[in-house]
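Okay, thanks everyone, I'll keep this short. Have a look at the model on the screen and I'll walk you through a few spots in it.

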Amino acid sequence: MKATNIADPNYFHKVVDCQWACPAHTPVPDYIRLIAEERFTEAYMLNWDSNVFPGILGRTCDRPCEPACRRVRTEEKPVAICRLKRVAADHKGDIADFLPRVPKKKNGKRICLMGAGPASLAVARDLLPLGYEIDMFDRDPAGGGMMRSQIPAFRLPADVLEEEVDLILNMGVNAQFGYEITSMKEMLDMDYDAYFVGTGAPRGRDLELPGRQEVDDHISIGIDWLSSVAFGHTSSISGKVIVMGGGNTAMDCCRTSKRLGAERVTVVVRSAFDVMKASEWEKEDAMSEGIPIINNRPPKEFLHDNGKLTGIVFECVRPIPDGKGRYRYEPSGEPDVVMECDHVLMAIGQENHCPWVERDVGIEFDKWDCPILDEDTLQSSHPKIFFGGDSALGPENIIWASAHAHKAAISIHLMCQGKDILKDRPPEGVNLISQKMGVHQWSYDAEHDDAKRFLVPHANKRKALDNIKIEVELGFDARLGLKEAQRCLNCDVQTVFTESLCIECDACVDICPMDCITFTPNADEPELRTSLTAPAENDEQDIYVSEELPTGRIMAKDEDVCLHCGLCAERCPTHAWDMQKSVIHTPQLGSYAAG
Amino acid sequence: MTFVVKPRVRHPLLPVNELGLTRRDYEGSVSTLCAGCGHDSVSAAIVQACAELSLPPHKFAKVSGIGCSSKTPSYFLSHSHGFNSVHGRMPSVATGANLANRELYCIGVSGDGDSASIGIGQFAHIVRRRINMLYVVDNNGTYGLTKGQFSATNDKGSTSKKGVPNLYEPIDLVSMALQIGASFVARSFSGDKRQLVPLIQAGLMHKGFAFIDVISPCVAFNNHNGSTKSYDYVRDHSERLVSADFIAPGAEITVDYDSGALEDVAMPDGSTLRLRKLDEDYDPRDRIQALTQVQRSAEAGEVVTGLLYMDADAADCHDVLGTPSAPLNALDESVLCPGTEALEGVNAQLR
């Protein structure tokens, strides 16, 4: 193998699995260390800088970081990264001094943001400190988009949402709420320097089945229903409720129904339990509230009595694994089942949908009616119009909206400066900083903590089910947060090897608790992977390879299960190994870290 | 040394031996030796050797004297019996342990000071007595614990860290062991586990006194340019004579296309020791040739390594003394104290 180029920002970035998996590339280990030092405000700001909504995401994020966490591979359960983010948000102090200054004198460029959801807000946050004038339009009466309308208060309290939304609005956004955008042409006529579409995926899918039209009064589209609950238009639901769908919206619908007085709530899913789109913890929470989830039941027909819904007929199927982690379904042979119900909440998916964009304004759409975008710039085929969040690439999580927003903000800024939005983008970068403080002192807590993942305390279940506004998860307190923070392996503190200093004494090989390090004759990667001290079977993780050493061998380190405990550096007599913190520079405007 | 304890967590794919143990189960407590000390590599080689042999840790007696080397039994096989004895007196304790319980695998770890200076008398006599044990000397040619004075194995002309040359001839423990009757003599290098691990395995399985002189650089005091026991010097001047591959009983013997003449030796436990002679003319069963070769190489400034001599059919101390096959510590009172009648019989013989 060729020697690893550690100057490539992606090399060590990939080693920080959580940061690599995070769409916004939040420097996770960095903020976890700040939490461990009880520097909650700084931990919060590091998050705010990168993902814009730490308090909200600390409660609602889809957590792509957690399955990626190295602890899944070294033990079993990941660090509770998401809930630690919430610890930072819950315990932070006054952040006013940390916020970027917004200049009074504007730079003369006007930007139009459509939608007031996470994507638009994040774009506003990135552009305001650079002097842009930001106008924001949304049909809802308040900002936040789907964070306000679709996430129920028992998961995301209103004050947490409003704090982070208002923080941005108060930076100087000219927001026009209750403004229903009906025509892109009309918006273009306002002659802004750039447009950002962040209107989400607001159309919930419906299901055309026999009887559907007749029972229309008893069927609600999940996201619309959640929205009407959020804005206070709906405050109760009665009788037997069936929620159809297996995603997070379905989980929110069933738990909300339970709180609004439904006699009985059942979730019915056409597919198998383990392939449901809902996050593991959302399913667990719904079930722990006594809501049954019935799988492998595709619906066939709505039954009614003169337009009054009485039940749904479901077919019974069974999943057959196709060997690729998915299933195909075949009839199980059991007779169809009829489930009685009075109301149906339809949560079977949603679409990004912009009926208000005239098809002749210069934006091209693909065959799925999605705008065609440049993935690096998020520019549409109309040079002044950018997309982000769910309206760009379909329904995703809030964290994607933040990530899109950073990209789009860079594009908008470059365009307004008359630069090339692709070629002039700021590069990614990496800095390596030695963490050695003394003979046996490191500036991070290197010692491995073998504690199991701590559980987040929950509110009393009876009280929580009584009131939709009572938050179910109470969050870690500072003490538990500190304990959980200790589980982080500090994967951003890298093992950096200097060939010229190595005397090949084997001290690192002998001490490495995970058998990551091998000194061996060089070979091609597949062969090398089998000839290491412990087999390197995880091809997704790189092998760190040195230049040839005096004995003709190379140092090969499997990054897969390295604990970053620093024992190799601790035992190295010549400082050939050093623990160096990799600071990954993800391009972003108005960066708090950079300023 | 380090203060950070090695975490207990291990690689999820670490091989498990016949006893269901991984290599990590054969480790000891955290080493307090200097970072990069060759002795730690020797300990790691012992750990690897014992794990691969699937030997039960509680069947080991590890004994040592005083010195950096003699601290190392703490750093391997934490679930075995151990005795850290007086300076240079490890052979007495090893002899006692082996006589009392011949079923234990006995590993003695000593250093050049412990065996070639204060303990040279004890060393000579345990070799003579052919105690069935593996005697490892971590040989760094210096008194590391007292900050780097020349030891008795330091080569004449080799310099101290400050550049002062050694004025005296070295004691070569390998030659001594060959001369006095060791039935297994090897020399290796702490930085070459591929060679060292099979030698340790063969030494443990060998019946009789097995001696391995391991050149183990002292990174703190004897790893400089004027040293003949530094990592660089040993790498540049070592001459491999006979490689030994240890093949467990019943394991498939694969054909080795490497080089040299192969010779398989059956070991008492049913395993096979495959010797690969890198010098065709060398016969590891010829004690005189071994002695000559070691001396000649030393004269030329070369360090011969590998399995230098082995007598697979040698008698050990228990054979010489004709002790019963059961361990002495397992004999009950009726056997040990057969009564007045038996005593009178013995007395009668002496009249």
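Let's start with a pair of strands in chain A: E1(A), residues 110–114, and E4(A) run parallel and are joined by four bridges. Before I go on, please keep in mind that this is a predicted model.

If you want one pairing to click on, take Cys112(A), whose bridge partner in E4(A) is Tyr195(A). Now, E4(A) also has a neighbour in E17(A), residues 385–387; three bridges join these two strands, and they run parallel. Tyr195(A) turns up here too, standing opposite Ile385(A) in E17(A).

So which way do the side chains of E4(A), residues 194–197, point? Ala194(A) and Phe196(A) go one way, while Tyr195(A) and Val197(A) go the other. And are they buried or exposed? All four of those residues are buried.

Okay, on to some helices, still in chain A. Find H3(A), residues 28–36, and H4(A), residues 40–51: they pack with their axes 7 Å apart, at an angle of about 165°. An angle over 145 degrees counts as roughly antiparallel, so that is what we call H3(A) relative to H4(A). Their crossing is left-handed. Who makes the contact? From H3(A) you have Asp30(A), Tyr31(A), Leu34(A) and Ile35(A), and from H4(A) there are Phe40(A), Glu42(A), Ala43(A), Leu46(A) and Asn47(A).

Next, a loop residue. Where is Asp94(A)? You'll find Asp94(A) in the loop between helix H8, residues 81–91, and E1 of chain A. Asp94(A) has 7 other C-beta atoms within 10 Å, and because of that low count it is classed as exposed; the cut-off for exposed is 12 or fewer. Its C-alpha atom is 7.3 Å from that of Thr41(A), although the two residues are 53 apart along the chain.

Last bit, zooming out to chain B. How many helices and strands does chain B have? There are 12 of each. The C-alpha trace of chain B spans about 70 × 50 × 50 Å along its principal axes. For 351 residues, you'd expect a compact globule to have a radius of gyration near 20 Å, and chain B comes out at 21 Å, so the two agree. Of those 351 residues, 49% are buried. And if you take the contacts in chain B with a separation of 6 or more, 72% of them are between residues 24 or more positions apart.

That's my tour, happy to take questions.

Technical notes:
Residues numbered from 1 in each chain as written. Chains lettered and ligands numbered in written order. Predicted model: local features only at pLDDT ≥ 70, side-chain atom pairs only at ≥ 80, totals over all residues. Rg over C-alpha atoms; globule rule 2.2 N^0.38 Å. Buried ≥ 20, exposed ≤ 12 C-beta atoms within 10 Å, placed from the backbone. Contact = placed C-beta atoms within 7 Å. Pairing = 2+ DSSP bridges. Axes fitted to C-alpha atoms, helices over the stretch in contact; angles between N-to-C directions. Parallel < 35°, antiparallel > 145°, perpendicular 65-115°, else oblique. Left-handed = near helix turned anticlockwise from the far one by under 90°.
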